[in-house]
Amino acid sequence: MIERIIVLGGKGGVGKSSISAATAVLLSKLLPNKKILLISFDIAHNLSDLLDQKIGNEATPVTSNLWAIEPDPNIYAKEYTKDLVIKMKALMKQMPLIGMIPQIEKYIDTTFTSDSIPLALKNAMFFQKILDAEDKFSQDIQFDIIVADFPPTGNMVALFEIPEDQVKVVLKYSLNFYNSIKGTIRNFSKMFSQILKPFENPEKRIELSKDVFNMIVDLEKRGERISELIHSVGSLRLVSIAEKPSFEEVKRARDLTKKYINLDAVHINMLTPDPKHCNFCKQMRQIQLKFSEEIKKEFKNLKIWESDKLFEEPLGIDGLRKLAYEIYGDITADEILNPKI
Ligand SMILES: Nc1ncnc2c1ncn2[C@@H]1O[C@H](COP(=O)(O)OP(=O)(O)O)[C@@H](O)[C@H]1O
Ligand SMILES: [Mg+2]
């Protein structure tokens, strides 16, 4: 059972991936009996660099209770469209006129392709696969906690708009398909209207249309299941640096994701450290702390985690542990999972 889904969002370059990985690494240490998954929906994947090991498109073990995935959304979209193509072909073959069209298989093959699914939706489909235990393509491992590194706001919202979108895509497919064969059907009708009657098999056809219809209904149901799951165990954390553009992005992300997921905390990352004998650093830090106050004012009901820019890039498990310590200090798992002010 998934107990918590922590989603990290914010502008590019602010530290979303690093904080996601650091959080997952710390949780795996604090909760040795829980199975934790770190997943990145960042198009420019960098979990392999962050964790300093090759992370594949299936759950790759990192520690004894931590796995990571850099999903290849095309793989899932291909599995899905393959299924749809098989069902559509069977159905169309049974249609009195359409089944006679010689190019029908080609039409189906070229319409229902994974290439025609937008990337954001492919990602959403993959996200569902991870979250939905009932999915037939689902993982073997049942994770307890998922930490998801999300893309910046536009694509982030697309990932949450899961339910309606998939159904829309299937319907759009069908319309495209119908449009592409409309003319041919018309010609065929004229030529064969008399001789076709004996070839019809209405019962088989009804069965097959039910199959395709059920695929759409399944999608809808699954969308509802996942929306409920995200509403009940999802926790969004937005990451910003102490500068205006990323602050603006965080406010936008808050507004656009409100209806999908609960915002629990804000990270203010990469504050300039204040070593001795560096007046420039001191000044930078002062400016940033002032800006930080603005962010805190805006999100005054939320947990705020501030973290300095480390002198070394936080890479590898040790680097990520250091970053986690910089962010959270000595903290309990519960305080990470359920942030309180
Ligand atoms: N607190 C930090 N201290 C030092 N370097 C950091 C810190 N947070 C992030 N970085 C570095 O900043 C860069 C951008 O971080 P990344 O996590 O990839 O951001 P995002 O996923 O938001 O694009 C990376 O090189 C990362 O190692
Ligand atoms: Mg990233």
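**Figure 1. Packing of α1 against α11 in the predicted model.** Helix α11 spans residues 316-328, and its axis lies 8 Å from that of α1, at an angle of about 95°. An angle of this size makes α1 roughly perpendicular to α11, since values of 65 to 115 degrees are counted in that class. On the α1 side the contact consists of Ser18, Ile19, Ala21, Ala22, Thr23, Val25 and Leu26. These residues meet Ile317, Leu320, Arg321, Leu323, Ala324, Ile327 and Tyr328 of α11. By class, the contact between α1 and α11 comprises 11 nonpolar, two polar and one charged residues.

**Figure 2. Surroundings of ligand 1.** The shell around ligand 1 holds 17 residues. Gly15, Lys16, Ser17, Ser18 and Leu310 are the closest of them. Two elements, α1 (16-30) and β7 (263-271), each give two or more residues to this shell. The most come from α1, which supplies three residues. Sorted by class, the shell has five nonpolar, eight polar and four charged residues. Ser18 thus appears in two views: among the closest residues to ligand 1 and in the contact of α1 with α11.

**Figure 3. The eight-stranded sheet.** The sheet is open, its pairing is mixed, and its strands follow the order β3-β4-β2-β5-β1-β6-β7-β8. At the edges stand β3 (60-63) and β8; each has a single partner strand, so one side of each is left without a neighbour in the sheet. From one strand to the next, the twist averages 25°.

**Figure 4. The β3 edge of the sheet.** Strand β4 covers residues 66-69 and runs antiparallel to β3, to which three bridges join it. A hairpin through two residues leads from β3 to β4. Within this pair, Pro61 has Trp67 of β4 as its bridge partner.

**Figure 5. The β8 edge and the crossover that leads to it.** Strands β7 and β8 (residues 303-308) run parallel and are joined by five bridges. One bridge partner in β8 is Lys303, which pairs with Ala265. Between β7 and β8 the chain passes through helix α10 (residues 279-298), and this β-α-β crossover is right-handed. β7 is also one of the elements that contribute to the shell around ligand 1.

**Figure 6. Pairing of β2 with β5.** Strand β2 is formed by residues 36-40 and strand β5 by residues 145-149. The two run parallel, with five bridges between them. Ser40 stands opposite Asp149 of β5.

**Figure 7. Helix α9 on the sheet.** Helix α9 (residues 244-257) lies across three strands, β1 (4-10), β6 (234-241) and β7. Relative to β6, α9 runs at about 160°. In the strand order of the sheet, β6 stands between β1 and β7.

**Figure 8. Packing of α3 against α5.** Helix α3 (residues 73-94) and helix α5 (residues 119-131) meet at an angle of about 80°, and their axes are 8 Å apart. The two helices are therefore roughly perpendicular to each other. From α3, the contact takes in Pro73, Asn74, Tyr76, Ala77 and Tyr80. The residues from α5 are Leu119, Lys122, Asn123, Met125, Phe126 and Lys129. Seven nonpolar, two polar and two charged residues make up this contact.

Notes: Residues are numbered from 1 along each chain as its sequence is written. Chains are lettered from A and ligands numbered from 1 in the order in which they are written. This is a predicted model: local features need pLDDT of at least 70, side-chain atom pairs count only at pLDDT 80 or more; totals for chains, interfaces and linings use all residues. A residue is near a molecule or strand if its C-beta atom, placed from the backbone, lies within 6 Å of it. Helices (H or I, at least four residues) and strands (E, at least two) are DSSP runs, numbered from the N terminus. Ala, Val, Leu, Ile, Met, Phe, Trp, Tyr, Cys and Pro count as nonpolar, Asp, Glu, Lys and Arg as charged, and the others, Gly among them, as polar. Two strands pair if DSSP finds at least two bridges between them. A crossover is right-handed if, with the strands pointing away from the viewer, the path from the first strand over the helix to the second runs clockwise. Axes are lines fitted to C-alpha atoms, for helices over the stretch in contact, and angles run from 0 to 180 degrees between N-to-C directions. Angles under 35 degrees count as roughly parallel, over 145 as roughly antiparallel, 65 to 115 as roughly perpendicular and the rest as oblique. Two residues are in contact if their C-beta atoms, placed from the backbone, lie within 7 Å.
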